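Visitor: I would like a close look at one part of this model, with the cut-offs spelled out along the way. Please begin with the whole chain and then move inward.

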Amino acid sequence: MNAARIIQLAARIDRFNTAIGRAASWCALAIVLLGFAVVLLRYVLGLGSIWLQESIIYAHAALFLLAAAWTLKEGGHVRVDVFYASASPRVKAWVDLIGALLLLLPFCIAVIWFSLPYVGRSWGILERSRETSGLPLVFVLKTLIPLFAAMLALQGVSQAIKAAAMLTMLRIGRRRAARQAK
């Protein structure tokens, strides 16, 4: 696979995670509206709804789990910016590359590895809420865990590709500058 195709792969991963993240961001509006409905029903009409309350939890989980990769792409995750913010592009690329390969990808693999049996058991019994009138979709909610890790791993691959491309471009630029200086 040539360099242009690898960079195109990173761009496709970025577009995929951006699309999923933007779609998941609508869960924030759903959380606010559902929360307002719960309060209105409880304090104005004297009614309670467990499935409505659980819907808030589901939307909250979907928001954070499905938008995590997009947040990584946009640089929104917590990072120790003490040296990163003022670092050269070369140092930033190395930090991104090493961080993705040695920290992010092993973490994502571990999450997938340990969550698959958990999710599989949930699907096996079509797990539902413990509450009688709760949502019957706990197995779907648990499916978001390995999906989160897979999307985050994909974004880590994209970050590593972009960091490696940056290091290659900087190395080529240094070589050209050295030749021109002769």
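What percentage of the 182 residues of the chain count as buried?

Guide: Of the 182 residues of the chain, 33% count as buried, where buried means under 20% relative accessible area, exposed means over 50%, and partly exposed lies in between, with a 1.4 Å probe and protein chains only. This is a predicted model, in which local features need pLDDT of at least 70 and side-chain atom pairs count only at pLDDT 80 or more, while totals for chains, interfaces and linings use all residues. Residues are numbered from 1 along each chain as its sequence is written, and side-chain values use heavy atoms, with hydrogens and water left out.

The chain holds five helices and zero strands, helices being DSSP runs of H or I with at least four residues, and strands runs of E with at least two, numbered from the N terminus. Its C-alpha trace spans about 85 × 35 × 30 Å along the principal axes, and its radius of gyration, taken over C-alpha atoms, is 22 Å, whereas a compact globule of 182 residues would have a value near 16 Å by the rule of 2.2 Å times the number of residues to the power 0.38. Among contacts between residues at least 6 apart in sequence, 74% join residues at least 24 apart, a contact being heavy atoms within 4.5 Å.

The part to look at closely is helix H5, residues 138-181, in which Ala163 lies. Ala163 counts as buried because its relative accessibility is 5%. Leaving aside neighbours within four places in sequence, Ala163 is in contact with Ala93, Asp96 and Leu97. Pro89 is 74 residues from Ala163 in sequence, yet their C-alpha atoms are 9.4 Å apart in space.

Going back along the chain from H5, one comes to the loop between helix H4 (89-124) and H5, where Leu126 has its place. Phi of Leu126 is near 45°, a positive value in a residue other than glycine. Most residues other than glycine have a negative phi.

A second buried position can be set beside Ala163: Ser55, in helix H2 (residues 50-73), counts as buried because its relative accessibility is 14%. A polar atom of the Ser55 side chain lies 2.7 Å from the backbone oxygen of Trp51. Beyond its neighbours within four places in sequence, Ser55 is in contact with Leu34 and Leu135.

Notes: Polar contact = N/O pair within 3.5 Å; in protein donor to acceptor, adjacent residues only side chain to side chain.
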